[in-house]
Amino acid sequence: MRAALDDAFRARPEQWWLSVQGDTGGAVHNTIDGGTQNGPVLQARDITNLTFDLRRE
């Protein structure tokens with residue numbers, strides 16, 4: 001009922017829904033600027049189901 005009466009209230013879930021529909025990618029610009037990286041660097045757009053074992057021997 002509130003969404004029917006309140007445009008701003010209705011817009012929030014609609015914007016969210018549009019943002020998660022059919023996301024098939026997009027431009028990615030990975031950058032490391034300055035400093036020293038003392039270890040591996042991973043740059044990516046989407047990462048899922050990935051585990052890092054950071055134990056040092």
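**Exercise 1. Locate Glu14 and Arg10 in the secondary structure, then say how their side chains meet.**

Step 1. Glu14 and Arg10 sit four residues apart in helix H2, about one turn of the helix. Helices here are DSSP runs of H or I with at least four residues, strands are runs of E with at least two, and both are numbered from the N terminus.

Step 2. The two side chains meet in a salt bridge, 3.9 Å from N to O. The term asks for a side-chain nitrogen of Lys or Arg within 4 Å of a carboxyl oxygen of Asp or Glu.

Step 3. Salt bridges with shared partners join Asp7, Arg10 and Glu14 into one network.

A word on the model before you go on: it is predicted, with local features needing pLDDT of at least 70 and side-chain atom pairs counting only at pLDDT 80 or more, while totals for chains, interfaces and linings use all residues. Residues are numbered from 1 along each chain as its sequence is written, and side-chain values use heavy atoms, leaving out hydrogens and water.

**Exercise 2. Work out the other link of this network, between Asp7 and Arg10.**

Step 1. The closest N and O atoms of the Asp7–Arg10 salt bridge are 2.4 Å apart.

Step 2. Asp7 and Arg10 are about one helical turn apart, because they are three residues apart in helix H2.

Step 3. Now classify the exposure: buried means under 20% relative accessible area, exposed over 50%, and partly exposed in between (1.4 Å probe, protein chains only). Asp7 is exposed because its relative accessibility is 53%. Arg10, at 28%, is partly exposed, and so is Glu14, at 43%.

**Exercise 3. Find the partner of Asp6 and give the salt-bridge count.**

Step 1. Asp6 pairs with Arg2 in a salt bridge at 3.5 Å, N to O.

Step 2. Asp6 has 25% relative accessibility, so it counts as partly exposed.

Step 3. The count by this rule is four salt bridges.

**Exercise 4. Which residues make the nonpolar surface patch?**

Step 1. Start with the rule: patch residues have over 30% relative accessible area and no salt bridge, with like charges joined within 9 Å and nonpolar side chains (Val, Leu, Ile, Met, Phe, Trp, Tyr) within 5 Å.

Step 2. Leu42, Ile47, Leu50, Phe52 and Leu54 make a patch of about 550 Å². Areas come from the Shrake-Rupley method with a 1.4 Å probe; for residues, only the protein chains shown count as cover.

Step 3. Leu50 lies in the segment after helix H2 (7-20), and it is partly exposed, at 45%.
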